[in-house]
Amino acid sequence: MRRYALPLLIAAILLAAGCSGSSSTTPRVAAAPTAVSGTVSVLGTTALDGQGDLKLELVDVSKQPNVVVTSKSQTVTALPVDFSLPFAAGAINGSDLYVLSASMSDTQRKYVTPIQYPVLTRGNAAQISVQLKPLPTAGEQALAGYEALKARIGGLKYTQGDQSKVGMSRGWQVFRDTGGKVVFVRELEDAGNKGFTSTEIAYRNDKPWVVVQSRSAARGQKPNLVERAGWDAEGTLVLHERSANGTTTQLDGSNARGLYADAESMLKRAGAGK
């Protein structure tokens, strides 16, 4: 019996060593995110007019009304831009649905997210890329309204007039709506070798709305100068463009006021509301 003791003892020691050498792996749980982060860009190639004010919100859309979990604003000078929106970990309910809402505005334009961006829960990530959509400026809306009105003047009643003197002839058409109000005027002025001018004026509520004036060296030639001015319902200048030889710049205030005054004079000449 004694001769079996040593092998048994060795076996016991090896077994013990094997047990002590084995390791049990505990699964590591990833830390819950405490921020939504990523980048913000703009659809298209629109450049910022000065600085942009970017607003970010983390919103629980499972609740009615929706609940803003956290928000922040940051100044943007160029896009794309990185962002990080921190939140308290305990503020997130794993069964709720959360979205990141983003909007931005600069001097003239507003930008919004055309789609929702789900984050954090229900398999959605904490890091995303957000694309903003630029909305039309007040000036662009005014110009679009002018173009829409111009496209339908063929169905409106109109009167016409003319005036001539040595070296200059002028003719105009005055278009009225069904109520008799002047809504559009087209005026052509031919000064011979001094140039040709075409002026189109859209009116709204008996006030100048948009004026587009084109100048060329002679009738039938391509304009070498186009000035566009437009005003909102309060009379604030919102459209001010000057295009000369293919380059567009801002129309100065004095020229815009001159176009407004000319439009008022034409309205009086046409007999507003008659």
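The paragraphs below lead through a predicted model, from one nonpolar core to a sheet with its helices and then to some details of the backbone.

The largest nonpolar core has 23 residues, and among these Leu100, Val130 and Leu132 touch the most other members. Two or more residues of this core come from each of strand 1 (35-42), strand 2 (52-60), strand 4, strand 5, strand 7 (117-119) and strand 8 (127-134), with strand 5 giving the largest share, 4 residues. Val130 shows how such contacts are distributed: not counting residues up to four places away in sequence, Val130 touches Thr39, Val40, Ser41, Phe83, Leu100, Ala102, Thr113 and Tyr117. Apart from this core lies another, of 17 residues, which includes Val185, Ile201, Val211 and Leu251.

Phe83, one of the residues that Val130 touches, belongs to strand 4. Because its relative accessibility is 5%, and the limit for a buried residue is under 20%, Phe83 counts as buried. Leaving aside neighbours within four places in sequence, Phe83 is in contact with Val36, Ser37, Gly38, Thr39 and Val40, and also with Leu56, Gln74, Leu100, Ile128 and Val130. The pair Phe83 and Gly38 shows what the fold brings together, since these residues are 45 apart in sequence while their C-alpha atoms are 5.6 Å apart in space.

A loop residue can be buried as well. Asp96 is found in the loop between strand 4 (81-86) and strand 5 (98-105), and, with a relative accessible area of 9%, Asp96 is buried. Beyond its neighbours within four places in sequence, Asp96 is in contact with Asp60, Ser62, Lys63, Thr121 and Arg122.

We turn now to the sheet. Eight strands form an open sheet in the order 9-10-11-12-13-14-15-16, with antiparallel pairing. Strand 9 (157-165) and strand 16 (247-250) are its edge strands, each pairing on one side only, and the twist from one strand to the next averages 15°. At one edge, strand 9 and strand 10 (residues 168-176) run antiparallel and are joined by 9 bridges, and here Lys165 stands opposite Met168 in strand 10. At the other edge, 4 bridges join strand 15 to strand 16, again in an antiparallel arrangement, and Glu241 has Gln250 in strand 16 as its bridge partner.

Helix 2 packs on the sheet, where it touches strand 11, strand 12, strand 13, strand 14 (225-231) and strand 15, and its direction makes about 80° with that of strand 13. Helix 3 (residues 253-270) lies across strand 10, strand 11, strand 12, strand 13, strand 14 and strand 15, and runs at about 110° to strand 13.

Which residues of helix 2 are buried? They are Gly139, Ala142, Gly145, Tyr146 and Leu149, and because they cover an arc of only 120° around the axis, they lie on the same side of helix 2. These buried residues pack against strand 11 (182-190), strand 12 (196-204), strand 13 (207-216) and strand 15 (237-244). The length of the helix also agrees with expectation, because the 14 residues of helix 2 (residues 138-151) should span 20 Å at 1.5 Å a residue, and the C-alpha atoms at its ends are 20 Å apart.

Some backbone details remain. Most residues other than glycine have a negative phi, and most peptide bonds are trans. A cis peptide bond, with omega about 0°, joins Gln64 and Pro65, and Pro65 lies in the loop between strand 2 and strand 3 (67-76). The peptide bond from Leu79 to Pro80 is likewise cis, with omega near 0°, and Pro80 is placed in the loop between strand 3 and strand 4.

Arg122, which is among the contacts of Asp96, is not a glycine and yet has a positive phi, near 55°. Arg122 lies in the loop between strand 7 and strand 8, and with a relative accessible area of 55% it is exposed. Asn245 also has a positive phi, of about 55°, although it is not a glycine. Asn245 sits in the turn of the hairpin that strand 15 and strand 16 form with 2 residues between them, and its relative accessible area of 68% is over the 50% limit, so Asn245 is exposed.

Methods:
Residues are numbered from 1 along each chain as its sequence is written. This is a predicted model: local features need pLDDT of at least 70, side-chain atom pairs count only at pLDDT 80 or more; totals for chains, interfaces and linings use all residues. Side-chain values use heavy atoms; hydrogens and water are left out. Buried means under 20% relative accessible area, exposed over 50%, partly exposed in between (1.4 Å probe, protein chains only). Contact means heavy atoms within 4.5 Å. The expected span of a helix is 1.5 Å times one less than its number of residues. The arc is that of the directions from the helix axis to the C-beta atoms. A nonpolar core is a set of buried Ala, Val, Leu, Ile, Met, Phe, Trp, Tyr and Cys residues joined through side-chain atoms within 4.5 Å. Two strands pair if DSSP finds at least two bridges between them. Axes are lines fitted to C-alpha atoms, for helices over the stretch in contact, and angles run from 0 to 180 degrees between N-to-C directions.
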